[in-house]
Amino acid sequence: MAKADSYDDLIFQLGDLARDRLAGKPNCPRTMDRVYRAEQALVARRDELAALEAQLNDEDAAWQDYLAEYERMRAAQGEIVQKWKKAVDAVEGETKNLRKTLSSRRADLRYAQDALKKMEKKHADLELTTRDESKLALSRDNIKKNRLQTMRLTREVETLERDVELALTPKPGQPGAPGIIAHKRVLALEDEMLARKESVDATLADLDQQIAQKEGEVQAAEDYLDQALFLLGEDVYAQRIADAQLSAFYPRLDRAR
């Protein structure tokens, strides 16, 4: 034997049906306005979620297109490198440690730049929340030290970049020059790809976070619409609004109470 619907289930079904049966009619309860607002809010949240998901897909598609082009260009230069492998291996042996140091210093510089931005924001907030000059002076001093450190790292990175550039630039008439130039291009492609990957990863992570938040907002909007339909159902039942399909619920609700 099928289980009878509960009172709450029947009220919700009545409200859901009343939404279609009474909308725009003279006997439409005032609680219908809440349903309209809830529907508009839900549509807006779903549209916002769809826009974020489309942006995420576009970002991912653009990244995949870039990777495909990167691999094509890298493979083309790789063929030239293979033709002059001995000359390239010699240059690679001379520059490997230098490039490793450059990569490490670039990471240090990115960290320092990020830390400086955070310190400047924290100081701006501090200026709004305190008049304690000792705290403000300490904050300004820390920012100054961090700026100097960032400037030193910037100069060090620029020097290392020049050194690597010089080491990877063949001298006039140097044997294997085409291979060395191709190797240099491969390294430049890899550097660009890694920098772009870091940016893309950050963008995708931010979009994932926004989508998760928006999904919560959509769920909240759906819950609010359910509540609005429930209240509409209660209102219709209380008034016992005359309608052939709605009236069929009233005896069932009487028994379920």
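The legends below describe four close-up views of a predicted model.

**View 1. Packing of helices α3 and α4.** Helix α3 covers residues 85-129, and helix α4 covers residues 133-167. Their axes lie 8 Å apart and make an angle of about 160°. Because angles over 145 degrees count as roughly antiparallel, α3 is described as roughly antiparallel to α4. The crossing of this pair is left-handed. In the contact of α3 with α4, 16 residues are nonpolar, nine are polar and twelve are charged.

**View 2. The largest pocket and its lining.** The volume of the largest pocket is about 570 Å³. Its lining is made up of 19 residues. Closest to the centre of the pocket are L102, S103, R106, L187 and D191. Three elements, α3, α4 and α5, each give two or more residues to the lining. The most comes from α5, which supplies eight residues. Sorted by class, the lining has eleven charged residues, seven nonpolar residues and one polar residue. Helices α3 and α4, the pair shown in View 1, thus return here as contributors to the pocket lining, together with α5.

**View 3. Helix α5 and the residue that follows.** Helix α5 runs over residues 177-239 and has 63 residues. From the first C-alpha of α5 to the last, the span is 91 Å. This is close to the 93 Å expected at 1.5 Å a residue. Just after the helix, R240 takes a positive phi of about 50°. Besides its own span, α5 can be related to View 2, where eight of its residues belong to the lining of the largest pocket.

**View 4. Crossing of helices α1 and α7.** Helix α1 is formed by residues 7-22, and helix α7 by residues 249-256. The two axes come within 9 Å and cross at roughly 160°. The angle makes α1 roughly antiparallel to α7. The crossing of α1 and α7 is left-handed, as is that of α3 and α4 in View 1.

Methods:
Residues are numbered from 1 along each chain as its sequence is written. This is a predicted model: local features need pLDDT of at least 70, side-chain atom pairs count only at pLDDT 80 or more; totals for chains, interfaces and linings use all residues. Side-chain values use heavy atoms; hydrogens and water are left out. Axes are lines fitted to C-alpha atoms, for helices over the stretch in contact, and angles run from 0 to 180 degrees between N-to-C directions. Helices (H or I, at least four residues) and strands (E, at least two) are DSSP runs, numbered from the N terminus. Angles under 35 degrees count as roughly parallel, over 145 as roughly antiparallel, 65 to 115 as roughly perpendicular and the rest as oblique. A crossing is left-handed if the near helix is turned anticlockwise from the far one by less than a right angle, and right-handed if clockwise. Ala, Val, Leu, Ile, Met, Phe, Trp, Tyr, Cys and Pro count as nonpolar, Asp, Glu, Lys and Arg as charged, and the others, Gly among them, as polar. On a 1 Å grid over the protein atoms alone, a cavity is a set of points where a 1.4 Å probe fits but cannot get out, and a pocket is an open set with protein on both sides within 12 Å along at least five of seven lines; lining residues have an atom within 4 Å of a point. Grid points are joined across faces, edges and corners, and a volume is the space filled by probe spheres set on the points. The expected span of a helix is 1.5 Å times one less than its number of residues.
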